[in-house]
Amino acid sequence: MESQVIWQSRAITADVLEGSGTYSNPLTFASAPGEFSTCEIIYVPYLKKYARFENYCAQCTIDWRNGKYHIDLRTGSSTVNGGSNQIACENALTPNAQSIVRQPPSSLPVDGM
């Protein structure tokens, strides 16, 4: 099932929230409580990567309450501030509305790192 989301990439911090984007080692995303099931895996066609719901974000929660889908994909290090270079990377990765696939099969194409 595909869902339209306002997809944004922002850094979230936790030492164990990293992945390569495969089904067995998904990226981490944050969203609003109740928008996704805990540890739900989605597929992001724009990136050709899988991601798992592992955290909440404040802006996602505000958007969800206002009827707007919003996820944040984790970028950067959990221990080092990437500064303006990281922000520039996040902004470059942030398209407007994108589709995601909920309950995806594990066989969808994945881009290499």
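In the predicted model, residue I71 is buried, its relative accessible area being 0%, which places this residue under the 20% cut-off that defines the buried class. I71 belongs to strand β5, which spans residues 70–73. Although I71 and F29 lie 42 residues apart along the chain, their C-alpha atoms are separated by 6.4 Å.

F29 is part of strand β2, residues 27–31, and this strand is joined to β5 by two bridges, the two strands running antiparallel. Within this pairing, F29 has L73 of β5 as its bridge partner. Strand β2 also pairs with strand β4 (residues 49–56), in this case in the parallel sense and over five bridges, and S31 is matched there with Y56 as its bridge partner in β4.

Strand β2 is itself mostly covered, since five of its five residues are buried. In a regular strand, side chains alternate between the two faces of the sheet. In β2, L27, F29 and S31 point one way, whereas T28 and A30 point the other way, and all of these residues are buried.

Confidence in the prediction varies along the chain. The mean pLDDT of the protein chain is 78, with 69% of its residues reaching 70 or more. Among the elements, strand β3 (residues 41–44) has the highest mean pLDDT, at 94, and strand β1 (residues 2–9) the lowest, at 47. Over residues 1–17 the pLDDT is below 50, and this stretch nevertheless has 71 contacts in the model beyond near neighbours in sequence.

How values were computed. Residues are numbered from 1 along each chain as its sequence is written. This is a predicted model: local features need pLDDT of at least 70, side-chain atom pairs count only at pLDDT 80 or more; totals for chains, interfaces and linings use all residues. Side-chain values use heavy atoms; hydrogens and water are left out. pLDDT is the predictor's confidence in each residue, from 0 to 100. Helices (H or I, at least four residues) and strands (E, at least two) are DSSP runs, numbered from the N terminus. Contact means heavy atoms within 4.5 Å. Buried means under 20% relative accessible area, exposed over 50%, partly exposed in between (1.4 Å probe, protein chains only). Two strands pair if DSSP finds at least two bridges between them.
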